[in-house]
Amino acid sequence: KEGNMKELEKCELCPRNCKVNRINGEVGRCRATDIVKVAKIQLHYFEEPCISGTAGSGTIFFTGCNLSCKFCQNYVISQENKGEYITVDELAEKMIELQSQGANNINLVTAFAYVPQIIDAIKLAKQQGLNIPIVYNSSGYDSLEQLEILKDYIDICHS
């Protein structure tokens, strides 16, 4: 496998350490496979003012979660797996589109399950001119190893 995708052969991206082979279609607690799944990509004006600013935050809501909170405000996305599959190239394109719409930042919401793909997408998007801050908007249940890897790609960690 290329780049970071090898990590998905024995998934330990979050503290659950499911060790499933997502490349072969297995899913762990987060319900993610090796293909990025997103529920919504849009300018979002209702984050904290320092994140949204006046132009909005360029949010990318990733599907799935490793917490299973019964009263999650995004239950349909986090637990019922609502969303559409996109490629890494498409994810990079969406980041560029959000920037061109005036987004203050790219806001990756509950993205832990797709860290390898996100890193690849950020690299591509930066090659194409992405120059706004990247926000990692977390549920707070991330592995320290993944946060360490992300430190070179994100500007703000928000939980």
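Me: Buried means under 20% relative accessible area, exposed over 50% and partly exposed in between (1.4 Å probe, protein chains only). With those words in hand, is Asp152 buried or exposed?

Reply: This is a predicted model, in which local features need pLDDT of at least 70 and side-chain atom pairs count only at pLDDT 80 or more, while totals for chains, interfaces and linings use all residues. Residues are numbered from 1 along each chain as its sequence is written, and side-chain values use heavy atoms, with hydrogens and water left out. Asp152 has a relative accessible area of 60%, and because exposed means over 50%, this residue is classed as exposed.

Me: Between which two elements does the loop that holds Asp152 lie?

Reply: Helices (H or I, at least four residues) and strands (E, at least two) are DSSP runs, numbered from the N terminus. Following the chain, helix H5 covers 144-150 and strand S6 covers 156-158. Asp152 belongs to the loop that links these two elements, namely H5 and S6.

Me: How far apart in space are Asp152 and Ile119, C-alpha to C-alpha?

Reply: Counted along the sequence, Asp152 and Ile119 are 33 residues apart. Taken in space instead, from the C-alpha of Asp152 to the C-alpha of Ile119, the separation is 9.4 Å.

Me: Let us turn to strand S2. How many of the six residues of S2 are buried?

Reply: One can begin with the way the side chains point, since Ser57, Thr59 and Phe61 face one way from S2, whereas Gly58, Ile60 and Phe62 face the other way. Both sets are buried, so S2 is largely enclosed by the rest of the structure. The count of buried residues in this strand is therefore six of six.

Me: Which residue of S2 is the bridge partner of Gln42?

Reply: Two strands pair if DSSP finds at least two bridges between them. Strand S1, made of residues 36-44, is joined to S2 by six bridges, and S1 and S2 run antiparallel. Within this pairing, Gln42 has as its partner in S2 the residue Thr59, which is one of the buried residues pointing the way that Ser57 and Phe61 do, namely Thr59.

Me: Strand S2 also pairs with strand S4; which residue of S4 stands opposite Ile60?

Reply: Strand S4 consists of residues 106-109 and is joined to S2 by four bridges, and here the two strands run parallel. Ile60 is buried and points from S2 the way that Gly58 and Phe62 do. Opposite Ile60, in S4, stands Leu108.
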